[in-house]
Amino acid sequence: MALLVAHGTMEPTNIFDPNYFHKVVDCQYACPAHTPVPEYIRLIAQERYTQAYMLNWDSNVFPGVLGRTCDRPCEPACRRVRTEETPVAICRLKRAAADNKGDVTPYLPHVPTEKNGKRIALIGAGPASLAVARDLLPFGYEVHLFEQDEKGGGFMRSQIPAFRLPEEVLDEEVERILDMGVHCHFGQAIDSMKALMAQDFDAYFVGTGAPRGRDLELTGRDQVDEYIHIGIDWLSSVAFGHVSEIKGKVIVMGGGNTAMDCCRTSLRLGAESVKVVVRSAFEVMKASEWEKEDAMREGIPIINNRPPKEFVHENGKLKGVLFECVTPVRGDDGRLRYEPSGEPDEFIECDHVLMAIGQDNHCPWIERDLGINFDKWDCPELDEITLQSTNPKVFFGGDSAFGPENIIWASAHAHRAAISIHLYCQGRDLKNDRPPEGVNLLSTKMGVHEWAYDAAHDPAQRHLVPLVEHESSLNNLKVEVELGFDAQLAAQEAQRCLNCDVQTVFTDNLCIECDACVDICPMDCISFVENQPEAKLRQTLTAPALNAEQDLYVSDGLKTGRVMVKDEDVCLHCGLCAERCPTNAWDMQRSVVHIPQLGSFGE
Amino acid sequence: MTFVTKPRVHHPKLPINDLGLTRRDYEGSVSTLCAGCGHDSVSAAIVQACAELSLPPHRFAKVSGIGCSSKTPSYFLNRSHGFNSVHGRMPSVITGANLANRDLMCIGVSGDGDSASIGLGQFAHVVRRRTNMLYLVDNNGTYGLTKGQFSATNDKGSTSKKGVPNLYEPIDLVSMALQLGASFVARSFSGDKRQLVPLIKAALKHKGMAFIDVISPCVAFNNHAGSTKSFEFMREHMQSAVQADLIFGQPEITADYAQGTRESVTMPDGSILQLYKVDADYDPYDRIGALTYVQKMHEEGHVATGLLYVDPDAVECHDILETTAIPLNELSEDALCPGSEALTAINQGYR
């Protein structure tokens, strides 16, 4: 972000600020773990799946799992959305790398047999703890993992149904980490943090998730307890084989991804009919767009604007649920409010209700006299950067840190926590001694008209992921619905990536202001104008730069006294400015952003 | 030369004109000229002018001769009629096209070699005939296609890339056009679209012979220190006499120009050509005055640019020839060839 100087005109952009070009790579910037998306998509295009996988593994630890289940904050951020197209299918490309990879063992980090003498306890074997283990092990830490279930994976195993995430995919990625030398203490729930701390580990990492599903205290709730199930607990029972069928009519309450998993699982476990009933409007449901689509494609109706009123029962048996009818009204602040619609209450018949209305943090096993402070929502008081709690030995990450998020956030937290644990064990400062972010710029120019990336813009629409035949998936919980991209589809989809990490780098003292770049730019990104304050400048460009979230790249003063201003918003990174530049004032340079990880210490 | 194809996708907020087209719809194929060539900016200026005027591309005839400049009609107005003719013979071909179909908008693009050397005679006569067209010269003072010899418009004393000065007097096409009867004469610079685009728009709306000499630097052979046709020289030495702007509806009052230096001319289609006189004493309707001004500027080492002369009421070729208002190509065979009886009657008239 260029800064404003005293007289109001814009300062030249500092492209060596790691954040400047990072922000241009919208997908990577939006990803909590900052996975270098365009780089691995190029590797997929080159059929170098193993390398693409390892680049992912390094950054987000669970590429195979995430390639199927990620919340994909990268995709709505994709630049192609702003060029009025559909985003690149980033998530499914990640899966293609995982599906097609070869043996990754030669690329795994070396774990020293001689340990550094520090013992770390990780509580809960979910994605956060596993990722912390992976980061710490190559540095010689002795890592102990405590988990109440018999297998590792946490909610990736207990709550994500097998038709979305096959068990073998999860097992492979969990075991890869466990095989690095984790001391596993599975099947033993930690019911006292105090007792654990008596074992005198050097540091503790709590990655126990947000394990408490919310319930609804409505009229009739207590009378029909046996027919009402908490969504995440129910999914977990299904995952571990304790529940294998659900009979009759099912109502799923809630509008998040758990609700979508509950309804689709019910359908596969023999429910006669399944309905999702949501308190709020369709467009504000928490579930991802594609998960809603998946449920609807399987014929599950989603009924919106229906807050529940009462559980209706007869002779101790659930008959159905009574819902109020409301209409959403948009207030002046842009938020939706719900008013009674005037229709009579709606009774929906059912035999079972699955509650998927949210989950909370819950750590009753952490005694409150250990110096670990909790806030009123039962979340630990943490430093947002270091993830250290008020007890300096105890760190949190994943959902147990700031409430329910997702796997990719768990990976991101894990990297931060691992750095903190390492610094803590070394007696160094947790903030000042963190490895810095950095950026490297590498020219992609190979010859007069040759670039080390495929610059051409592919106008193709997003490729759809092939699905398994409807019948066979609905009859079997374990049949994965999505077949994933094969190598050919992956290659085609990879071509749609705009290579936003190949940056347009401008060298002002080479420019002769011939306008060639202005004339050729297909998106009207480039202007040569008088410098002005940012708000004014944005209006005077070749195409007004109205998306204030995207930066302007401003050069130093040129010979005519003007400046080059490039609006980063809709640049296609096609390299035509550099192709048409007679003096190489424009160059296409690959930016490699260094996101701090424990490996960044290079020790 | 560019090997990356220009993507068809465009800025989501790109303006759509009265015909429902964007500026991108007026482009041609991607230029094969050297990177940084001034001619590409001129093509881009033509594209912008036509798009802003909402002119229908299929009503254009674009004709050129031979040379770097003459390749450029491929790079604008993809969906129009075109003819890449013989060296220096663009005027003949465009005259034919315009005579056959007077409703076509004619753009002739030529260069300093094509117009001031091999085609000088054709240039002189098409101006004399006042063909209703835009005659645009991409003037870089050098023979770029044959590796940079001085052209006939290169100034005396201006040096080659290796520092050798030119020994001959230049041909000034602007002075010639003024002298020979062009009714719209302007000079501009490829590196100044703020001046060039309005001039092209005004020229396209002008009825009669409109001539624009565009100094368009050759980055490969004539953009060095010592050249008088380089980006730097032009930026330092161009003097604008009159800035033109084409306005639809009521002229807008801008504070930038002092009262008395602004004049309005109503164009044949009702649009208004606004003239901002940079020098308050300059008279853009005075042909002799314009000639003197251009020569005087040149003597002083400056390059006179802007709209130098305009005669909004001038006659054009079809007026002189008193041709029918219906384009000749639309006349039926009966009307075009009334038969031997009519011929006999005409012949009788001469006896």
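## A bridge in chain A

In β25(A), the residue that A:L441 has as its bridge partner is A:S591. Keep in mind that this is a predicted model.

That bridge belongs to a bigger pattern: β18(A) pairs with strand β25 (residues 586-594) of chain A over 6 bridges, in the antiparallel sense. As a bit of background, strands of a sheet pair through backbone hydrogen bonds, either parallel or antiparallel.

## The sheet around it

Which strands make up the sheet, and in what order? It's an open sheet of 3 strands in chain A, ordered β18-β25-β21, and the pairing is antiparallel. At the edges sit β18 (438-443) and β21 (502-506) of chain A, each pairing on one side only. Neighbouring strands here are turned against each other by 45° on average, if you ignore direction.

## Domains of chain A

The domain assignment splits chain A into four pieces, some of them stitched together from separate stretches. Domain 1 takes 1-23 + 438-460 + 495-603, and domain 2 takes 31-106 + 461-494. Domain 3 covers 109-210 + 361-425, while domain 4 is 213-358.

How far apart are the centres of domain 2 and domain 4 of chain A? Going by C-alpha atoms, 30 Å separate them. The two domains do touch: 5 residues from domain 2 of chain A and 7 residues from domain 4 of chain A take part in the contact. On the domain 2 side of chain A, the residues touching domain 4 break down as 3 nonpolar, 1 polar and 1 charged.

## Two helices side by side

Next up are helix α3 (residues 37-45) and helix α4 (residues 49-60) of chain A, whose axes come within 7 Å and cross at roughly 165°. Angles over 145 degrees count as roughly antiparallel, so α3(A) and α4(A) are roughly antiparallel to each other. Their crossing is left-handed.

Who's doing the touching? From α3(A) it's A:E39, A:Y40, A:L43 and A:I44, and from α4(A) it's A:Y49, A:Q51, A:A52, A:L55 and A:N56. Sorted by class, the residues of this contact of α3(A) with α4(A) come out as 6 nonpolar, 2 polar and 1 charged.

## Where chain B meets chain A

The contact between the chains draws 24 residues from chain B and 28 residues from chain A. On the chain B side, the elements giving two or more residues are α1 (38-52) and α8 (231-237). The top contributor on that side is α1(B), with 4 residues. By class, the side of chain B that touches chain A holds 11 nonpolar, 8 polar and 5 charged residues.

Definitions and conventions. Residues numbered from 1 in each chain as written. Chains lettered and ligands numbered in written order. Predicted model: local features only at pLDDT ≥ 70, side-chain atom pairs only at ≥ 80, totals over all residues. Domains from an automatic or database assignment. Nonpolar A, V, L, I, M, F, W, Y, C, P; charged D, E, K, R; others polar. Axes fitted to C-alpha atoms, helices over the stretch in contact; angles between N-to-C directions. Parallel < 35°, antiparallel > 145°, perpendicular 65-115°, else oblique. Left-handed = near helix turned anticlockwise from the far one by under 90°. Pairing = 2+ DSSP bridges.
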